[in-house]
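Please go through the sequence and the structure below before reading on. The paragraphs that follow begin with the overall layout and then turn to particular contacts.

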Amino acid sequence: MNTLALAEFSRIGFLNMLAFRLRYYTGIITYFINISVYYFIWKAVYSYDAHYAGLNFAQMVTYVAVGWVIRSLYFNNIDHQMADDILEGKISMIMLKPVSIQGSYIARALGESGFRLLMLTAPTAVVIALVFPVVPPASALHFAAFLAALVFSILLVAALNFIVGACAVSLKSILGLLRAKFWMQELLSGLLVPITLFPSPLREISALLPFQYIGFTPLMIYLGKMSWPQIGRAFALETFWVVFLLAGGGWFWRLLSRKLVIYGG
């Protein structure tokens, strides 16, 4: 899939989101409420322990605030969109085009992220920074590494969602699968609680999965809680997971699409 086609699908993804502008205005309020709830929960916890899970209160507030802000950027709905396209037969129109199915959906997810950056992520970050005691990144280099890790987060979520969406070819409904994936990602990415608070077995299992690189790793880089050798290792593993999931997703789609039957006329 050439760069021009990729850019065009990204543009389409960006423009499609314009129809839902009001959702993102209200999304700022929703994210603010979520962060506020976590703020008071952690404030109560830290009233008993000033350094919980290796983070002081300001760092934990920053972890929560920045975690929800970046979630607004890497989140996308291509699994839902793909499932709807398959069930309604719309996928046939994309399959007739000389483009990669996987590339087209992921490109649209990138365009959606671009829209979210302007309409949700940036405004939410400003509001949160003005209200809560968010600390700045550990250093300029850590912030640059954080942004690089965030790019991996967007690609990881897009690759995972494509695989989940492709399951609609062989399943009548993937609603249960979508819900399971959603809550697994929310938990194992470290968004709900830092992975350092997980019990030992779950922490070890999480280390074998790609989810921690979606949220937990960028946040630890931002806070300066990872050494540079650890950051380098994290980038290597993130690269592996992105390549593995993209290659696996492409193979998975080719396998399932052989059984795809679309009726219409």
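The protein is built from 11 helices and two strands. Along the sequence these elements run in the pattern α-α-β-β-α-α-α-α-α-α-α-α-α. The chain has 265 residues, of which 47% count as buried.

The model is predicted, and its confidence values should be read alongside the coordinates. The mean pLDDT of the protein is 86, with 88% of the residues at 70 or more. Helix H1, residues 3-16, has the lowest mean pLDDT among the elements, at 63. Helix H10, residues 216-222, has the highest, at 96. Where pLDDT is low, predicted coordinates should not be read in detail.

Charged contacts come next. How many salt bridges does the structure hold? There are three. One of them joins Arg71 to Glu186, with 3.2 Å between the closest N and O atoms. Arg71 belongs to helix H3 and Glu186 to helix H8 (residues 175-188), so this pair ties together parts that are 115 residues apart in sequence. Are the two partners buried or exposed? Arg71 counts as buried because its relative accessibility is 9%, under the 20% limit for that class. Glu186 counts as buried as well, at 4% relative accessibility.

Helix H8 also supplies Lys181, whose partner Asp79 is in helix H4 (residues 78-88), so this pair ties together parts that are 102 residues apart in sequence. The side chains of Lys181 and Asp79 meet in a salt bridge with an N to O distance of 3.0 Å. Both of these residues are buried.

The salt bridge between Glu112 and Arg116 has its closest N and O atoms 3.4 Å apart. Here both partners lie within helix H6 (residues 101-131), four residues apart, which is about one turn of the helix. Glu112 and Arg116 are both buried. Another charged group takes part in a contact with a ring: the charged end of Arg108 sits over the ring of Tyr105, at 4.5 Å from the ring centre.

Aromatic side chains also meet one another, and the structure holds 17 aromatic pairs. One of these is formed by Tyr38 and Trp68, which are tilted, with 6.2 Å centre to centre and 50° between the planes. What does this pair tie together? Tyr38 lies in helix H2 (residues 21-46) and Trp68 in helix H3 (residues 57-74), so the contact connects parts that are 30 residues apart in sequence. Tyr38 and Trp68 are both buried.

A second pair, Phe182 with Trp183, is edge-to-face, at 4.9 Å centre to centre and 85° between the planes. How accessible are its two members? Phe182 counts as partly exposed because its relative accessible area is 27%, a value between the limits of 20% and 50%. Trp183 counts as exposed because its relative accessibility is 54%, which is over 50%. Aromatic residues also gather in a wider group: Phe32, Tyr39, Phe40, Trp42, Tyr46, Phe57 and Phe132 form one aromatic cluster.

On the surface, Ile29, Ile33, Val37 and Ile41 form a nonpolar patch. Together these four residues have about 360 Å² of accessible area. Ile41, one of the patch members, is found in helix H2. Why does Ile41 count as partly exposed? The reason is its relative accessibility of 46%, which lies between 20% and 50%.

Two loop residues complete the tour. Pro194 lies in the loop between H8 and helix H9 (200-207). Pro194 is buried, with a relative accessible area of 1%. The C-alpha atoms of Pro194 and Phe216 are separated by 6.8 Å, while the two residues are 22 residues apart along the chain.

Gly224 is located in the loop between H10 and helix H11 (228-257). At 32% relative accessibility, Gly224 counts as partly exposed. Gly224 and Phe143 are 81 residues apart along the chain, and their C-alpha atoms are separated by 9.2 Å.

Definitions and conventions:
Residues numbered from 1 in each chain as written. Predicted model: local features only at pLDDT ≥ 70, side-chain atom pairs only at ≥ 80, totals over all residues. Heavy atoms only, no water. Phe/Tyr/Trp six-rings, centres within 6.5 Å; stacked < 30°, edge-to-face > 60°. Buried < 20%, exposed > 50% of the residue type's maximum accessible area, 1.4 Å probe, protein only. Lys NZ or Arg CZ within 6 Å of the ring centre and 35° of its normal. Patch = residues over 30% accessible without salt bridge, like charges linked within 9 Å, V, L, I, M, F, W, Y side chains within 5 Å. Areas by Shrake-Rupley, 256 points an atom, 1.4 Å probe, with all protein chains shown as cover. pLDDT = per-residue confidence, 0-100.
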